[in-house]
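Q: Hello! I am new to reading protein models and would like some help. Could we go through the helices and the sheet together?

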Amino acid sequence: MPLTEPYDDHLPQEDPVAGDGAVGDPDSSDTPADSGGDPAVEPEPTLPEPVRQRIVALTATVLPTLPADEVPVPLRRVAKFAPNRRARLGAPAIAAQLTADPLFRQRVTARVLADAGDLGAAVVEGTAPAVADPVEVAALAYLARPRGWRELIDASGAAVRAEADSAVVAELVREAEQRATRAEHDRAVARVEAEKLRDELARVREELGQLREESRQLARTLRETQTRERRATELLATERGRAARASADVDAELRRARARLAEAEAAAGVARASAKEARSVDDARLWLLLETIGQAAVGLRRELALDPVDKLPADFVADAFAEQPGTAPAGPAARARDTDDPARLDQLLALPRAHLVVDGYNVTKRGFGEMSLEQQRKRLITGLGGIAAQTGDEVTVVFDGAERMHGLPPAPRGVRVLFSRKGETADELIRRLVRAEPAGRPVVVVSSDREVADGVRRHGAYPLGADSLLRRLARS
């Protein structure tokens with residue numbers, strides 16, 4: 001089978017332009033000389049399973065010894081595995097890289113041949129010592145790829161198959177010997193069992209005589225039992241009469257109990273009607289109280305001449321957060337809850353006048369850290385714009401930065417974008433935003449930084465992990 005077949009049928013094949021040359025000679029090939037200078041593209045040979053496993057084991061052994069810049073990116077993590085786990089867990093990636101990257105294979109081959117010593121030198125020359133392990137020879141030939149390396153692999157496959165056939169024949173012989181031994185044992189057991197059966201027959205005949213005598217005794221006992229049964233039947237008839245009288249008494253008592261139950265149900269209905277009437281009176285009183293409070297609030301707003309505000313508390317922090325340290329409001333910590341439930345974010349955003357504060361880079365580097373910082377910011381701000389449009393809540397996203405970035409696209413409606421100033425981190429700016437909010441307003445802070453979560457929780461905010469927001473954005 002090909003080197004990568006047991007793991008992935010869709011791994012890329014080796015680039016035919018790179019060739020299958022031996023180590024130190026990238027241009028060498030086992031293409032026949034009379035091919036006219038246009039080497040034919042030959043598929044990867046079918047490797048016996050022991051040869052494939054040995055190739056992966058050799059590569060896993062030398063992988064940590066390669067310089068970091070010579071290790072392909074997909075294998076850098078595999079190179080850090082423990083020796084007993086590297087070949088087992090990293091086999092798919094190692095096999096794919098050996099097939100697709102001739103340069104990497106040459107680097108590995110150089111290390112493997114150096115460790116193989118004389119055997120490696122013989123394989124490079126295209127010969128295989130008669131006493132050498134055919135699996136080891138085939139593995140070195142696949143990596144080094146000298147002239148005639150495919151024949152070496154075919155010879156190894158034939159040797160492996162011959163060993164497997166020999167093992168099968170030996171197993172069949174062993175099974176035949178075991179069956180003969182079991183047959184002899186079964187015959188001996190059968191002879192012993194026959195002797196036991198003859199003894200058992202004699203014993204059964206003796207027991208049969210005893211059973212006949214017992215049968216005669218049981219017949220006498222049966223006649224006596226039938227006599228006692230007739231007497232018991234007469235007694236049963238008498239007891240049935242007594243039970244019938246007792247049942248009549250129970251039925252009468254049951255009728256009296258049902259009558260008392262009907263009276264109790266009638267009394268309960270009267271009580272429920274009275275309770276309903278009392279509840280209606282309480283509802284009327286409560287409505288009147290709420291109406292009075294509402295009218296009082298309207299009058300108080302008119303008396304104080306309060307106009308709608310143009311700026312929110314977070315806007316003041318955005319204007320002068322570097323100069324105003326702020327103080328923590330008293331008593332809001334009781335409203336904070338520690339939860340990582342993703343559904344909790346939707347519940348909190350559904351609260352009236354909720355304020356969502358997002359630790360920008362903490363979320364983007366966790367969700368899409370492979371992008372550039374500019375793309376991370378753009379993707380997060382765009383997603384928050386959708387949340388602001390759906391919920392109507394106030395949204396503020398904070399990024400680390402000594403000064404405001406230039407050339408940013410305009411923020412979506414309802415989203416405020418802030419950058420921390422020089423000498424101050426985004427975590428400190430987030431805590432200033434939370435402290436600026438009035439007690440009682442729901443403030444949701446999204447950050448996987450435990451220090452940030454503990455800090456805002458003390459000021460009454462609701463800390464949530466970055467995964468909650470990432471899942472919410474993915475759902476949008």
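A: Gladly! Let us begin with a cut-off: an angle of 65 to 115 degrees between two directions counts as roughly perpendicular. Keep in mind that this is a predicted model.

Q: At what angle do helix 11 and helix 12 pack?

A: Helix 11 (residues 360-367) and helix 12 (residues 373-391) pack at about 105°, and their axes are 10 Å apart. The two helices are therefore roughly perpendicular to each other.

Q: Which residues make the contact?

A: Helix 11 contributes Gly360, Tyr361, Val363, Thr364 and Lys365. From helix 12 come Leu373, Gln376, Arg377 and Leu380. Sorted by character, the residues of this contact are 4 nonpolar, 3 polar and 2 charged.

Q: Now the sheet, please. In what order do its strands lie?

A: Here is the general idea: strands of a sheet pair through backbone hydrogen bonds, either parallel or antiparallel. In this model, an open sheet of 5 strands has the order 3-2-1-4-5, and the pairing is parallel.

Q: Which strands stand at the edges?

A: Those are strand 3 (415-419) and strand 5 (462-464). Each has a single partner strand, so one side of each has no neighbour in the sheet. From one strand to the next, the twist averages 20°.

Q: Over how many bridges do strand 4 and strand 5 pair?

A: Strand 4 (residues 443-446) pairs with strand 5 over 3 bridges, in the parallel sense. For valine 444, the bridge partner in strand 5 is tyrosine 462.

Q: Which strands does helix 12 touch?

A: Helix 12 packs on the sheet and touches strand 1 (355-359), strand 2 (394-399) and strand 3. The direction of helix 12 makes about 165° with that of strand 2.

Methods
Residues are numbered from 1 along each chain as its sequence is written. This is a predicted model: local features need pLDDT of at least 70, side-chain atom pairs count only at pLDDT 80 or more; totals for chains, interfaces and linings use all residues. Side-chain values use heavy atoms; hydrogens and water are left out. Axes are lines fitted to C-alpha atoms, for helices over the stretch in contact, and angles run from 0 to 180 degrees between N-to-C directions. Helices (H or I, at least four residues) and strands (E, at least two) are DSSP runs, numbered from the N terminus. Angles under 35 degrees count as roughly parallel, over 145 as roughly antiparallel, 65 to 115 as roughly perpendicular and the rest as oblique. Contact means heavy atoms within 4.5 Å. Ala, Val, Leu, Ile, Met, Phe, Trp, Tyr, Cys and Pro count as nonpolar, Asp, Glu, Lys and Arg as charged, and the others, Gly among them, as polar. Two strands pair if DSSP finds at least two bridges between them.
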